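Got the viewer open? Let's walk through this one stop by stop, selecting as we go.

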Amino acid sequence: MKNTDSTTKKNYNYTSIRVKDKTKDDVTKFLEKVNKTEDCGKVTFDTLIGYFLEKVEKEDIESLQLKTVTWSHEEKRLRKLWEKKKGKVSDNKWKEMLYLGQLGEFISSNSRLKVAANV
């Protein structure tokens, strides 16, 4: 007898994504809330991630990127900006200006990171 089942088997390959325990707990709680209704299919981690990837805008990407900026990244960017405006400086001269506070105003005006006022 031939199987006439009209449903096709879905062959998905799954993989793991590393997230912190708190992130997993937060997403699980969110999905529990989303999935309380029984008049729709189940929203999964995969569905949720896919949805947000489709909805992300350029501004969202920039915001995410800014959350990862460190002073190591910012120093490189600020030096390139300084050299574009004022001309090339040697590594030693850059460090001297940085350590002596000669770049304070420039950094305050151009840094993407918050700069505390000198007390």
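A contact here means heavy atoms within 4.5 Å. With that in hand, start with the whole chain: among contacts between residues at least 6 apart in sequence, 42% join residues at least 24 apart. You're looking at a predicted model, where local features need pLDDT of at least 70 and side-chain atom pairs count only at pLDDT 80 or more, while totals for chains, interfaces and linings use all residues. Numbering runs from 1 along each chain as its sequence is written, and side-chain values use heavy atoms, with hydrogens and water left out.

Switch to cartoon. You'll find six helices and zero strands, so the order from the N terminus is α-α-α-α-α-α (helices are DSSP runs of H or I, at least four residues; strands are runs of E, at least two; both are numbered from the N terminus).

Now turn on the surface. About 11300 Å² is accessible, and 53% of that belongs to carbon and sulfur atoms (Shrake-Rupley method, 1.4 Å probe). Of the 119 residues, 14% count as buried (under 20% relative accessible area, 1.4 Å probe, protein chains only).

Next, select Leu78, Trp82, Val89, Trp94, Met97, Leu103, Phe106 and Ile107. These eight make up the largest nonpolar core (a set of buried Ala, Val, Leu, Ile, Met, Phe, Trp, Tyr and Cys residues joined through side-chain atoms within 4.5 Å). At least two of its residues come from each of α4 (71-86), α5 (91-99) and α6 (104-110). Zoom in on Val89: leaving aside residues up to four places away in sequence, Val89 touches Arg79, Trp82, Glu83, Trp94 and Met97.

On to the pockets. A pocket is an open set of points on a 1 Å grid over the protein atoms alone, where a 1.4 Å probe fits, with protein on both sides within 12 Å along at least five of seven lines; lining residues have an atom within 4 Å of a point. The largest has a volume of about 400 Å³ (the space filled by probe spheres set on the points). Select Thr15, Ile17, Phe45, Asp46 and Ile49, the closest to its centre of the 14 lining residues. Both α1 (21-34) and α2 (45-55) give two or more residues to this lining, and α2 has the largest share, with four. By class, the lining has seven nonpolar, five polar and two charged residues (Asp, Glu, Lys and Arg are charged; Ala, Val, Leu, Ile, Met, Phe, Trp, Tyr, Cys and Pro are nonpolar; the others, Gly among them, are polar).

Last stop: which residues line the second largest pocket? Select Leu48, Ile49, Phe52, Leu53 and Leu64. The volume of this second largest pocket is about 150 Å³, and its lining is five nonpolar, no polar and no charged.

Notes
Buried means under 20% relative accessible area, exposed over 50%, partly exposed in between (1.4 Å probe, protein chains only).
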